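User: I would like to go through this structure with you. Could we begin with its enclosed spaces?
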Amino acid sequence: MLVAEYGGWQKLLLITIFVILLLTPQICKRQYLECALRGALLLAVGVLGIGCYVRQADLFEKEKQELLCKEQLTVCGTLIRKEQKNERWQLTLALPGFENRVVVSSQEGGYPLDCVLSVKGLIYEFHTPRNEGQFNEQQYQKTKKVIGRINAEAITCIRAPSGIYAWREALYQFRVRLCAVYETCLPPQTAGILTTMAVGDKSMLDEEVRSLFQKAGISHILAISGMHISMIGMAIYAFLRKTKNSYVRCAIGTAVVLFLYGTLIGMGVSAKRAIGMFLIFLVAQCLGRGYDTASALAVLAIVLLVENPFLLQDVSFQFSFLAVVGVITAEHVLPKKDSGGGWYRRVRPVLLSLLLQLFTFPLVAFYYYELPLYGLFFNLLLLPYLGIALGFGLLGGVAGTFLLPWAKVFLLPCKIVFSVYLWVCRFVEGLPFATVICGKPSIGKIAAYYAMFGVLLFLVEKRKEKAKDLSDEKSEKSVGCGEGGRVCSYLLVGALGLFSFLIAVPKQGFEIDFLDVGQGDASMIRTEQGIVCFVDGGSSDVKGVGTYRILPFLKSKGIRKVDTWILSHLDDDHVNGFYEVLESGYPIDRVVISTRLEESDAKAYLFQMLSQYQIPVIEVNGGDVLRLHNDDSYLQFLSPEEETPVYDENGASLVFLYKDPGISALWTGDIGKTQEEWLLRNGKLQQVDIYKAAHHGSRFSNTEGYLQALSPKLSVVSCAKRNRYGHPEEAAIRHMEAAG
């Protein structure tokens, strides 16, 4: 599947090396028959994977073209999933004759699951990322086998399920009642945590809570993970075994409950993996056979990928399976016996958690661009109470659907546990370096990390084997103590080295970036010496532009602070994203604005926010120069001066020139024709390499004579692809092209 998805001789070479390493033990032991059998099995699995992927990819593209060939269409399909996001309902339809699905965005969501809907509306393809670090919505939906989104104009329910066929809708309504119980009996933030953790409903989860948990390194407990499923499954199975029923009856009862619970929470990838592995465990119990976690994991990986090979790109799939691999490896590598006075037994859970996090750190860095520094310690502190909170949460929710006062009693432990969680997370947020921005590591860096990690595990394993060989010659006490101490020291030193390697950001040279923020402006200058200036940062049509576009961009490039943030003026499409970055706690050294900005609510709010976060502000005039690095690079402000004609906020925009020995670039904010003519008339202009077009390419700016004086090699217009202003205007584009 990797070869089919990514191709390239490098990937093929890596896979070949991986296969050789797998077969090396048999080759060394001259077990040629077993080696041949294993090689044939690997080849068969590889051919199966490529075949499945190619078939699914071709089918996906064929069905995608069939649906997206027209913007407006009418489709009929079965409603298989519904959830509320941003005050709109997202309804997933399975279409007859199609293997893939569509999502319908609608104001109404009161349709029962498994009903047949007729939907009329406009269909859109999902967005691909336009900036570095931006979320890839198209890839995410593809892993769920969803082709596109229909903005519904009309929906008709053709047939609704009834009787036993409405069991999925009954489960959904039960989930709604559980959420209502939690919302009634718990504080808002605690209720949001419990609904997310217990039933997979994130609609009540507060964004502040999500951020706090991420910084503390415990955000994984907000997802329905294998740990949740295992807790519930083992509790049910143990309870049924105490009733003296047979293994088969207990297994069937547990399997039914887990299937219903999985359906209740939406049967995500982690839930499918955990439920599948637990079912294999139940079968082993019934047959009186041993249960091998690695084999069960491999079976589930094959089953899930054959059904949907796109899951290989799914974040949940990668985290879920890699975490289990980490658990298996940690249990195998770490010595189990404690013969050193009990100290190793107490330290072993710390080492287990450390190994598990070392397995997943590269994925965290690759997808989130930062690592929680204290995550290891707070996982050990908080996770032991997770089972208590989850158990009482489910009991309280079920009890509350029948008798609400009982729910308050059962949910009291949840209230206490989650209050402690929130307190600890807020404490962590106040610690220095709560999270360390590491940038998005390259595939090569991740490969090098796992290679070094493999060497570390090999050394630990060799130490274990050596201690075992000596066990016949020395007392058990002395060997155990030495073994545990060596393993502990190897892991701690290795973990420090691996963490340092992962957070080290390679030195980056000069660059200028213009971000796609829709109808707005955001750009960045980074000098050869690594000094970062950001210019504006806002949008009038992209929600959360600072949170979902600007911050991920900065973090993905490993930028840990902005030295200077320049605000050309204070219109929302230039500053609302800046405020989001400011409120996130991202470091900003100073802010630069124009002295000609009029006193207004927007200016008062800016100064209030900068004072709150203790960020100095520099007010500049035309003619001022801001040195960035000695005389090598600087910002030269051209306008506005006292004589510059300014009639509105746009006219007061900062116009400045960035210069270094190799390049010159001009930013102009939203100035208009009057300010451009003043700059031209007063000899302020010179030839530049890069020109950031004024006022998003408006016809009231970007005049012909002004652009001829600049003669830019490259002109950049920042505006939405579709906007109500008509930007960029045809006349402005003609002037830019005529100027070169």
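User: Which residues line the second largest cavity?
Analyst: In this predicted model, the second largest cavity is lined by L638, L657, L666, K684, L685, Q686, V688 and L710. Its volume is about 30 Å³.

User: And what classes do the residues of that lining belong to?
Analyst: The lining of the second largest cavity has six nonpolar residues, one polar and one charged.

User: How many cavities of 30 Å³ or more does the structure hold?
Analyst: There are two. The largest cavity has a volume of about 60 Å³, and the residues that line it include D521, A522, S523, V535 and D536. The largest share of that lining, three residues, comes from β9. By class, the lining of the largest cavity divides into five nonpolar, four polar and three charged residues.

User: Now the pockets. How much space lies in the second largest pocket?
Analyst: The second largest pocket holds about 530 Å³ of space. Among the 18 residues that line it, I232, I236, V257, L394 and V398 are the closest to its centre.

User: Which helix gives the largest share of that lining?
Analyst: That is α15, with seven residues. The lining of the second largest pocket has 16 nonpolar residues, two polar ones and no charged ones.

User: A different topic: is R130 buried or exposed?
Analyst: R130 is exposed, because its relative accessible area is 61%, and exposed means over 50%. R130 sits in the loop between β4 and α4.

User: What does the side chain of R130 make a polar contact with?
Analyst: The partner is the side chain of D516, at 2.8 Å. R130 and L515 are 385 residues apart in sequence, yet 7.8 Å apart in space, C-alpha to C-alpha.

Key. Residues are numbered from 1 along each chain as its sequence is written. This is a predicted model: local features need pLDDT of at least 70, side-chain atom pairs count only at pLDDT 80 or more; totals for chains, interfaces and linings use all residues. Side-chain values use heavy atoms; hydrogens and water are left out. Helices (H or I, at least four residues) and strands (E, at least two) are DSSP runs, numbered from the N terminus. Buried means under 20% relative accessible area, exposed over 50%, partly exposed in between (1.4 Å probe, protein chains only). A polar contact is a pair of N or O atoms within 3.5 Å; within protein, one must be able to donate a hydrogen and the other to accept it, and residues adjacent in sequence count only if both atoms are side-chain atoms. On a 1 Å grid over the protein atoms alone, a cavity is a set of points where a 1.4 Å probe fits but cannot get out, and a pocket is an open set with protein on both sides within 12 Å along at least five of seven lines; lining residues have an atom within 4 Å of a point. Grid points are joined across faces, edges and corners, and a volume is the space filled by probe spheres set on the points. Ala, Val, Leu, Ile, Met, Phe, Trp, Tyr, Cys and Pro count as nonpolar, Asp, Glu, Lys and Arg as charged, and the others, Gly among them, as polar.
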